[in-house]
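Me: I'd like to go through this structure with you and ask what stands behind each label. Could you set every value against its definition?

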Amino acid sequence: MIPDTLTQGQYDTVYNFLSLVIASQLFTAVFLTIALPRILPRYRQAITVAIVVCAIAAYHYFRIFDSFKEAFVSDSVGGAGVYTQAVGASFNEGYRYVDWLLTVPLLLLELIAVLALARKVQTGLIIRLLPAAALMIILGYPGEISGDNTVRGIFGLLSTIPFAYILYVLFVQLGKSLNKQPVSVRRTLSQLRFLLLLSWGVYPIAYILPMLDISGADAWVGKQIGYSIADILAKAVYALIIFYVARMKSFDDDPDFAARENSPEDAAMFVRR
């Protein structure tokens, strides 16, 4: 439930965290775009998807940021004091679900693409994971917008089914493919799954707060902070780890490429470009 009022500190906290997410997503996308030539072509699809994910997130956080500023206004000079909900305006939480509907399947596609598995195996993972990810978000949305805890609980339970299936594929089915990866990235790829689990774990916690009668301005601000941190971890940090994996695999696949990339002269030439 969106609170009627926010203190100056609560308003500033949400404002600053939304700004932090925008900066994180936007400049991660910029960095990855510039660094794209520094991996082999076969891994560039994964990084291109990561760029798209961060760009989508940055766009939606701009919309969330604008919605927040329009929803809460202060009558005090200079914008200080208590912020109340503006007449005819409300904070649009739906932007998050539109973002997740687009980005969550793409996050899984990033991981599949950087593994560079046999086409049959890759296609099988895509067919299983991407629809499950979209279904998880679609089933969660009706509960998010409902004020009825029963409806919220039913759709929360339904969305948990594809979530559990995704975890099964990531930790059991996909785990079998890790032994085929270079030794230099096996540990990183294994930990990457736990990063997804950790960051995605924030969302169901925030989802069930109203069902536990945990509400009010502090709870709502805490939820916005949690969502913001989770989106930074699941998108920007995740993308940088995917880039690291792609770079290490590029070095493993092509020693000449590794030698050129680790050459001080080539690094200086890249900077000049």
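Reply: Gladly! Let's start with burial: buried means under 20% relative accessible area, exposed means over 50%, and partly exposed lies in between, with a 1.4 Å probe and protein chains only. Please keep in mind that this is a predicted model, where local features need pLDDT of at least 70, side-chain atom pairs count only at pLDDT 80 or more, and totals for chains, interfaces and linings use all residues. Residues are numbered from 1 along each chain as its sequence is written, and side-chain values use heavy atoms, leaving out hydrogens and water.

Me: Which residues of helix 5 are buried?

Reply: They are Arg152, Gly156, Ser159, Pro162, Phe163, Ile166, Val169 and Leu170. Helices are DSSP runs of H or I with at least four residues, strands are E runs of at least two, and both are numbered from the N terminus. In an α-helix there are 3.6 residues a turn, so residues three or four places apart point the same way. Cover for the buried residues of helix 5 includes helix 3 (94-115), helix 4 (119-145), helix 6 (183-200) and helix 7 (202-208).

Me: Why is Phe163 called buried?

Reply: Its relative accessible area is 18%, and the limit is under 20%, so Phe163 counts as buried. Phe163 touches Met136, Leu197 and Trp200, not counting residues up to four places away in sequence; contact means heavy atoms within 4.5 Å.

Me: Why is the pair of Tyr11 and Tyr83 called stacked?

Reply: Rings of Phe, Tyr and Trp (its six-membered ring) pair if their centres lie within 6.5 Å; planes under 30 degrees apart count as stacked, over 60 as edge-to-face and the rest as tilted. The whole structure has 16 such aromatic pairs. For Tyr11 and Tyr83 the centres are 3.8 Å apart, with 5° between the planes, so both conditions for a stacked pair are met.

Me: What makes this pair a tie between parts apart in sequence?

Reply: Tyr11 lies in helix 1 (residues 8-35) and Tyr83 in strand 3 (residues 83-85), so the pair ties together parts that are 72 residues apart in sequence. Tyr11 is buried at 8% relative accessible area, and Tyr83 is buried at 7%.

Me: How do you know that Leu26 is partly exposed?

Reply: Leu26, in helix 1, has 34% relative accessibility, which falls between the 20% and 50% limits, so Leu26 is partly exposed.
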